[in-house]
Amino acid sequence: MTAHPDPIAPAAAQPLAQTPQPTASSERDAPLFSQHAAIVLVMAVIIGGLVSALTYCKSRSLADAALAGLFAAGASAPVLHKLIG
């Protein structure tokens, strides 16, 4: 016969589960961005740069190239987040 813990026993008889407390050094070592966020942002910047360069080659306008690149980077970030995620 196996012994089962008594469900009526006082709570002090059972060991309490302790959660580990974060130390100050682990908080400092935590990365600013996750690896996923860094990859998504880098890829969005690359896509925006390519679109900007292609737009500048076509229109020879810095303003058009900058707007197209910013739009492409902004539009590609959520798509990349879903695709890479």
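Colleague: Which helix does isoleucine 84 lie in?

Modeller: Isoleucine 84 lies in helix H3. Bear in mind that this is a predicted model.

Colleague: Why is isoleucine 84 called partly exposed?

Modeller: Its relative accessibility is 37%. Buried needs under 20%, and exposed needs over 50%. Isoleucine 84 falls between those limits, so partly exposed is the right term.

Colleague: What does isoleucine 84 touch, not counting residues up to four places away in sequence?

Modeller: Isoleucine 84 touches His36, Ile39 and Val40. A contact means heavy atoms within 4.5 Å. There is also a C-alpha distance to quote: isoleucine 84 and alanine 37 are separated by 9.7 Å, and they sit 47 residues apart along the chain.

Colleague: What is the overall makeup of the protein in helices and strands?

Modeller: The protein has 3 helices and 0 strands. From the N terminus on, the order is α-α-α. Of the contacts with a separation of 6 or more, 56% join residues 24 or more positions apart.

Colleague: How do you know that the length of H2 agrees with its residue count?

Modeller: H2 has 25 residues. At 1.5 Å a residue, H2 should span 36 Å. The expected span takes one less than the number of residues, times 1.5 Å. The end C-alpha atoms of H2 are 36 Å apart, so the two values agree.

Colleague: Which residues of H2 are buried, and what covers them?

Modeller: The buried residues of H2 are Val40, Ala44 and Gly48. H3 is included in what covers them.

Colleague: Why does serine 76 count as buried?

Modeller: Serine 76 has 10% relative accessibility. The limit for buried is under 20%, so serine 76 qualifies. Serine 76 lies in helix H3. Beyond residues up to four places away in sequence, serine 76 touches Ala44 and Ile47. Across the protein, buried residues make up 11% of the 85 residues.

Colleague: Is alanine 53 buried, exposed or partly exposed, and why?

Modeller: Alanine 53 has a relative accessible area of 40%. That is not under 20% and not over 50%, so alanine 53 is partly exposed. Alanine 53 is found in helix H2. Its C-alpha atom is separated by 8.9 Å from that of alanine 66, 13 residues apart along the chain.

Colleague: What makes arginine 60 stand out in its backbone?

Modeller: Arginine 60 is not a glycine, yet its phi is positive, about 55 degrees. Arginine 60 follows H2 and is found in the loop between H2 and H3.

Colleague: Why is arginine 60 called exposed?

Modeller: Its relative accessible area is 60%. The exposed class starts over 50%, so arginine 60 belongs there.

Colleague: Which residues make the nonpolar surface patch?

Modeller: Ile39, Val42, Met43, Ile46, Leu50, Val79, Leu83 and Ile84 make a patch of about 710 Å². Helices H2 (35-59) and H3 (62-84) are the elements that give two or more residues to the patch. H2 gives the most, with 5 residues.

Colleague: How do you know that valine 79 is accessible enough for the patch?

Modeller: Valine 79 has 47% relative accessibility. Patch residues need over 30%, so valine 79 clears that cut-off. Valine 79 also counts as partly exposed. The place of valine 79 is in helix H3.

Colleague: How much area does the protein expose, and what share do carbon and sulfur atoms supply?

Modeller: The protein exposes about 7300 Å². Carbon and sulfur atoms supply 69% of that area.

Note on methods: Residues numbered from 1 in each chain as written. Predicted model: local features only at pLDDT ≥ 70, side-chain atom pairs only at ≥ 80, totals over all residues. Heavy atoms only, no water. Patch = residues over 30% accessible without salt bridge, like charges linked within 9 Å, V, L, I, M, F, W, Y side chains within 5 Å. Areas by Shrake-Rupley, 256 points an atom, 1.4 Å probe, with all protein chains shown as cover. Salt bridge = Lys/Arg side-chain N within 4 Å of Asp/Glu carboxyl O. Helix = DSSP H or I, 4+ residues; strand = E, 2+ residues; numbered from the N terminus. Buried < 20%, exposed > 50% of the residue type's maximum accessible area, 1.4 Å probe, protein only.
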